[in-house]
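Trainee: Please pick one part of this structure and look at it closely. Then place that part in the rest of the chain and relate it to the DNA.

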Amino acid sequence: MKIDSKIDIQMTQESGQTSQPPWKMINNSYCSLIFPNNTPILLKISQNNINSLNITTEFIDSSNEKNNEKKPIEIAIKKKVSEIFNLDFDLDKFYKFLKNDDKLAPASEFCNGLRLFIAKDPFECIISSISSANNSILRWTKSIDEIAFNWGDIYKFKSGTFFSFPKPEVLKDVFETPEDESKYYEKPINICLNNLKECGVGYRSPYILQTSEKLTNEIAINDFFKMKYDEAYETIIKFKGVGPKVADCILLYGFGFMEAFPTDVWIKRIISHLYFNKKEITAEKVKDFGMEHYGDYAGYTQLYLFHYARKSGLLQKLKK
DNA sequence: CCTCAGGAGGCAC
DNA sequence: GTGCCTCCTGAG
């Protein structure tokens with residue numbers, strides 16, 4: 001299968017977006033477990049040129065690959081890939097927008113083909129974003145993979161073994177510390193053998209448990225898809241461990257709210273460097289500036305500015 | 001080569 | 001304004 005669309009899959013995978021850890025690389029393909037039409041499928045994506053993606057898949061039961069059910073599932077797979085990599089977004093139109101602003105023009109060249117990496121599982125994105133606060137990319141991505149390994153469902157394919165990210169109703173019951181494991185008899189065996197602290201999430205473990213609890217008993221994940229930005233923001237920021245920056249990451253990468261402008265310390269430095277003559281301004285003002293100035297391009301502009309600054313060396317310069 | 005302080009895509013208090 | 005889990009980095 002082939003999808004014709006402009007994207008740099010490697011840059012997109014490795015740009016540190018908090019929707020999920022980068023996918024496993026097997027034989028030069030980015031591989032992930034997805035569930036189109038509720039069917040577990042191993043998706044394998046490779047790329048020869050920036051204008052198209054090569055897609056191959058594996059099923060659990062290889063007999064499925066030959067039967068005549070194949071056509072509808074192919075359509076569902078393409079749709080899913082298109083959602084995850086935001087392929088309907090018109091990049092060339094966005095580049096015209098960037099080139100209209102002298103401050104943004106360099107980023108459009110530098111990040112050619114970079115796209116939003118939207119969550120394949122919004123709950124995974126929520127936990128990823130909470131875990132990313134005051135943390136390094138390497139560390140939070142290892143934690144998320146560890147959580148899936150411990151409590152997700154196992155799926156074995158020819159190319160390798162993959163784990164789904166656990167549902168909130170499973171994660172809410174897992175143990176926080178090794179000491180909790182002594183109470184193993186109170187809970188099902190699959191959640192007794194490991195604990196959150198050993199996944200390296202540190203002091204964020206109570207936030208992860210409370211969030212899983214809320215998403216089991218108070219709010220359904222899918223409710224966020226029905227909300228406008230303001231309502232979704234006010235709802236998610238009430239969660240423990242979710243502040244302004246993490247809230248916007250969840251809305252942008254988890255639910256595709258393109259108008260979100262996640263403002264961390266780096267974006268703050270970049271924006272004040274570019275637009276405010278290096279004067280220190282608050283994160284809140286930077287967020288407002290981004291949302292007003294860039295509108296529906298706010299999320300993409302944040303992604304491009306951050307990636308440009310990180311990879312071009314501008315961040316290192318601004319640090320000093 | 002080892003040790004250890006400082007810092008990391010912020011948040012709760 | 002401070003402390004925070006834990007891992008990584010770099011100065012000494």
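**Helix 5 and its surroundings**

Mentor: The buried residues of helix 5 are covered by elements that include helix 6 (137-151), helix 8 (205-217) and helix 10 (244-255). All of this is read from a predicted model. Helix 5 itself runs over residues 122-132, and ten of its eleven residues are buried. The buried ones are Pro122, Glu124, Cys125, Ile126, Ile127, Ser128, Ser129, Ile130, Ser131 and Ser132. An α-helix has 3.6 residues a turn, so residues three or four places apart point the same way. The buried positions in helix 5 include the unbroken run from Glu124 to Ser132.

The residue to follow next is Asn134. Just after helix 5, Asn134 has a positive phi of about 50 degrees. Most residues other than glycine have a negative phi. Asn134 also belongs to the surroundings of both DNA strands. It is among the residues that come nearest to DNA strand B, together with Gly16, Ala133, Gly243 and Val246, out of 17 residues around that strand. Two elements, helix 10 and helix 11 (265-275), each give two or more residues to this surface. Helix 10 gives the most, with three residues. Helix 10 therefore appears in two roles, as one of the elements that cover helix 5 and as the main contributor to the surface near DNA strand B. By residue type, that surface divides into seven nonpolar, seven polar and three charged residues.

Around DNA strand C, Asn134 is joined by Leu138, Arg139, Lys197, Gly200, Gly202 and Tyr203. This surface holds two nonpolar, three polar and two charged residues.

Now the elements that cover helix 5, starting with helix 8. Lys214 sits in helix 8. It counts as partly exposed because 15 other C-beta atoms lie within 10 Å. Apart from its neighbours within four places in sequence, Lys214 is in contact with Ile219 and Phe239. The C-alpha atoms of Lys214 and Glu169 are 9.4 Å apart, with these positions 45 residues apart in sequence numbering.

Loops on either side of helix 8 can be described in the same terms. Asn195 is in the loop between helix 7 (168-171) and helix 8. With 18 C-beta neighbours inside 10 Å, Asn195 is partly exposed. Its C-alpha atom is separated by 8.5 Å from that of Asn150, 45 residues away along the chain. On the other side, Lys228 occupies the loop between helix 8 and helix 9 (229-236). Lys228 is exposed, since 9 other C-beta atoms lie within 10 Å. Lys228 and Phe257 are 29 residues apart along the chain, and their C-alpha atoms are separated by 8.7 Å.

Helix 10 leads to the core. The largest nonpolar core has 72 residues, and those with the most contacts inside it are Ala107, Ile250, Leu251, Tyr253, Tyr304, Leu305 and Tyr308. Neighbours within four places in sequence aside, Leu305 is in contact with Ala107, Ile267 and Ile270. In soluble globular proteins, nonpolar side chains tend to be buried together.

Positive phi values also occur elsewhere. Asn27 has a positive phi of about 50 degrees although it is not a glycine, and Asn28 has a phi near 70 degrees. Asn27 is in the loop between strand 2 (24-26) and strand 3 (29-34), and Asn28 lies in that loop as well. Asn27 is exposed, with 8 other C-beta atoms within 10 Å. Asn28 is exposed too, with 8 C-beta neighbours inside 10 Å.

Finally, the chain as a whole. Chain A has 14 helices and seven strands. Its radius of gyration is 20 Å, close to the 20 Å that the globule rule gives for 320 residues, so chain A is as compact as a globular protein of that length. The C-alpha atoms fill a box of roughly 60 × 50 × 35 Å along the principal axes. Of the 320 residues, 35% count as buried. Of the contacts between residues at least 6 apart in sequence, 62% join residues at least 24 apart. The domain assignment gives domain 1 (2-90), domain 2 (122-233) and domain 3 (265-319). The C-alpha centres of domain 1 and domain 3 are 31 Å apart.

Note on methods
Residues are numbered from 1 along each chain as its sequence is written. Chains are lettered from A and ligands numbered from 1 in the order in which they are written. This is a predicted model: local features need pLDDT of at least 70, side-chain atom pairs count only at pLDDT 80 or more; totals for chains, interfaces and linings use all residues. A residue is near a molecule or strand if its C-beta atom, placed from the backbone, lies within 6 Å of it. Ala, Val, Leu, Ile, Met, Phe, Trp, Tyr, Cys and Pro count as nonpolar, Asp, Glu, Lys and Arg as charged, and the others, Gly among them, as polar. Helices (H or I, at least four residues) and strands (E, at least two) are DSSP runs, numbered from the N terminus. The radius of gyration is taken over C-alpha atoms; the globule rule is 2.2 Å times the number of residues to the power 0.38. A residue is buried if 20 or more other C-beta atoms lie within 10 Å of its own, exposed if 12 or fewer, and partly exposed in between; C-beta atoms are placed from the backbone. Two residues are in contact if their C-beta atoms, placed from the backbone, lie within 7 Å. Domain bounds come from an automatic or database domain assignment. A nonpolar core is a set of buried Ala, Val, Leu, Ile, Met, Phe, Trp, Tyr and Cys residues joined through C-beta atoms within 7 Å.
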